[in-house]
Amino acid sequence: MQQQQLLQARLMKCLSCSHSHLPLPPPPPPPFSSLQRFASSQPKGQWQETETKMELCVAKVILKKGKTQLFKDGSPMVYSGAIDRIIGRPPPKTGDIVLVADGTEKPIGWGLYNSVSMFCVRLMQLEEEATRDPSCALDMEKLLETRINAAVELRRGLGLPSATTNAYRLVNSEGDRLSGLIVDVFGDLAVVASSAAWVEKYKSKVKACISSIDEINHIHWRPSVEILKEEGMDAADLKELHPSTCPQRTKVIENGISYAISLEGQKTGFYADQRENRMFLSTISYGQRVLDVCCYSGGFALNAAKGGAMSITGVDTSLPALELARENIALNNLDPEKTSFLREDATVFMKGALSRNDSWDIVILDPPKLAPSRKER
């Protein structure tokens, strides 16, 4: 019996030694991601199938090690320093849809490529989102429609528009997962601020989506020319072929306060994103001396006056803005004696106030960009 056990042990040892020299079987190929499966159904010529794998014939942007999580966590703008390499021949052009992948070439999402901008890709949909909602995968027009409709429903859920507020931000760029696109609504007028090359490429679709909103009768397209130049756009291409027929001035109401708006003014014509801050100011202004530096058309100043401020001083360098501010005081039947608007450079004014030992209870300071470009920085 003991001899038999010894023979069995030797046999097992021999078998073990012989197996150790055999090559290991190759690992199974990784399963296709959702985006890869969706891409395989795209028109012929974008993908080609070999005996071993599906090969992508459009570009795939591969991220550097350690950069993937940043974009999985929600940052939509893939800057050039985060990219390790780009796979695809011919290379992608500005506006092309590309996959964005980790170091193993597994897609984490898809977006729109820009060959010139410091933001090489603006991510539009992550892999897990494409898995949950395949209807928008690699389809920018469908994604635009879906995201704008979602933005409309979100604002309606917040009670916008309403009897006391018909001026609000409908699409807030990254906040609504459409990086580079801002849409402000003023009554029946929508102002579109475009600051990305992809927005210009899909201009007709953006307009179509906004036109389908019941309340909107006019669209004013306002490209951010200097930013778009950095995106590789030619200023000549940004001019409207057909002059806009929408009015250059309109009146709106926000939190019960009326405003005259000029579409030739700053940004979209009105800082709709400051609505809650303006309302808060009205609740703390009673009996206070208020200074509004860079006051533009008087948004904060009017709320301070409505809130019962003792005195309000507004400062701005733009004469048209100050004229609008004074018009807005009259529009709301506010006491013009309590509010003064001064045309002066903010820095010069503050230095003068310091030398005079002037003081205020509340100061609002909302300046423009102090370094709008890298050169000026």
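## Asp316 and its polar contacts

A polar atom of the Asp316 side chain lies 3.0 Å from the backbone nitrogen of Ser318, and the same side chain reaches the backbone nitrogen of Tyr296 at 2.8 Å. Both are polar contacts, that is, pairs of N or O atoms within 3.5 Å, where one must be able to donate a hydrogen and the other to accept it, and where residues adjacent in sequence count only if both atoms are side-chain atoms.

This is a predicted model, in which local features need pLDDT of at least 70 and side-chain atom pairs count only at pLDDT 80 or more, while totals for chains, interfaces and linings use all residues. Residues are numbered from 1 along each chain as its sequence is written, and side-chain values use heavy atoms, with hydrogens and water left out.

## The surroundings of Asp316

Asp316 is buried (under 20% relative accessible area, with a 1.4 Å probe and protein chains only). Asp316 has no salt bridge (a side-chain nitrogen of Lys or Arg within 4 Å of a carboxyl oxygen of Asp or Glu), and the nearest side chain of opposite charge, Arg343, is 7.7 Å away.

Leaving aside neighbours within four places in sequence, the residues in contact with Asp316 (heavy atoms within 4.5 Å) include Cys294, Leu322 and Glu344.

## Asp184

Asp184 is buried as well, with a relative accessible area of 0%. The side chain of Asp184 makes a polar contact with the side chain of Thr268 at 2.6 Å, and among the other residues that Asp184 touches are Tyr168, Leu189 and Phe270.

Note on methods:
Buried means under 20% relative accessible area, exposed over 50%, partly exposed in between (1.4 Å probe, protein chains only). Lys and Arg count as positive and Asp and Glu as negative; His and the chain ends are not counted.
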